[in-house]
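Reader: I have a structure to go through and would like to start with the charged pairs. Can you walk me through it?

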Amino acid sequence: MSDYFEKLKEIVHKAGMFRILVVIVSGVLLLLISYGKVFEKEEPRPAETVEEGDRQASTGELGNYREQMESQVKAILEKVEGVGAVDVMLTLKASREKVTLKDNSASSDKSEEESVLLQDENKNMSPYVVQEVEPEIEGIVVVCAGGGNPTIQREIIAGISALFPVASHKIKVMKSKEAK
């Protein structure tokens, strides 16, 4: 036991009392800063909710993306001869995905991967996003005046398949009840 104290005295003497105090104070400050970050309340952000049954986005950014895609498909299909008035509904598989930059470090027996973090002006840390992948479209329903015509149905399915990576059996074209 006395051997332990002798080594400790030698370390204190070599490093100097000032340096040891600086290290201790720095450690305490780091603990206090990290303690404050843990209990800091984050401001709520608009939620992107997804219903369980049909996995359709109902609010937020995801809902806006779905509505934008529906209106673009509707606008282009209404320009096609024989289609007539169009209503479009599409469902999404998942939400938008953010791909972050990873830093890989490898040693002889293991490799580790860590996200690269950025600090904003408020000293908040967030991962460095290198790419945002849009949600994948799961299915599309088109209701139109020309939906009863097999030729128009094939044209619509071919057009949607050219725009989106959706299997043709997940695209349904139907005739609207207003069409005569």
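Author: This is a predicted model. In it, Lys93 forms a salt bridge with Glu136, with the closest N and O atoms 3.3 Å apart.

Reader: Which parts of the chain does that pair link?

Author: Distant ones, 43 residues apart. Lys93 is in the loop between β1 (86-92) and β2 (97-100), and Glu136 is in the loop between β7 (129-133) and β8 (137-144).

Reader: Is Lys93 buried or exposed? And Glu136?

Author: Lys93 is partly exposed, because its relative accessible area is 34%, which falls between the 20% limit for buried and the 50% limit for exposed. Glu136 is also partly exposed, at 43%.

Reader: How many salt bridges are there in the structure?

Author: Two. Besides the pair just described, the side chains of Arg66 and Glu70 meet in a salt bridge, at 3.5 Å from N to O.

Reader: Where do Arg66 and Glu70 lie?

Author: Both are in helix α3 (residues 60-77), four residues apart, or about one turn of the helix. Arg66 and Glu70 are both buried.

Reader: Switching to strands. What is the order in the open sheet of three?

Author: The order is β1-β8-β9, with mixed pairing. β1 and β9 (171-175) are the edge strands, each pairing on one side only. Neighbouring strands are turned by 15° against each other on average, ignoring direction.

Reader: In which sense do β8 and β9 pair?

Author: Parallel, over five bridges. Ile140 has Ile171 in β9 as its bridge partner.

Reader: Which helix lies across β8 and β9?

Author: Helix α4 (residues 150-163), which runs at about 145° to β9.

Conventions: Residues are numbered from 1 along each chain as its sequence is written. This is a predicted model: local features need pLDDT of at least 70, side-chain atom pairs count only at pLDDT 80 or more; totals for chains, interfaces and linings use all residues. Side-chain values use heavy atoms; hydrogens and water are left out. A salt bridge is a side-chain nitrogen of Lys or Arg within 4 Å of a carboxyl oxygen of Asp or Glu. Helices (H or I, at least four residues) and strands (E, at least two) are DSSP runs, numbered from the N terminus. Buried means under 20% relative accessible area, exposed over 50%, partly exposed in between (1.4 Å probe, protein chains only). Two strands pair if DSSP finds at least two bridges between them. Axes are lines fitted to C-alpha atoms, for helices over the stretch in contact, and angles run from 0 to 180 degrees between N-to-C directions. Contact means heavy atoms within 4.5 Å.
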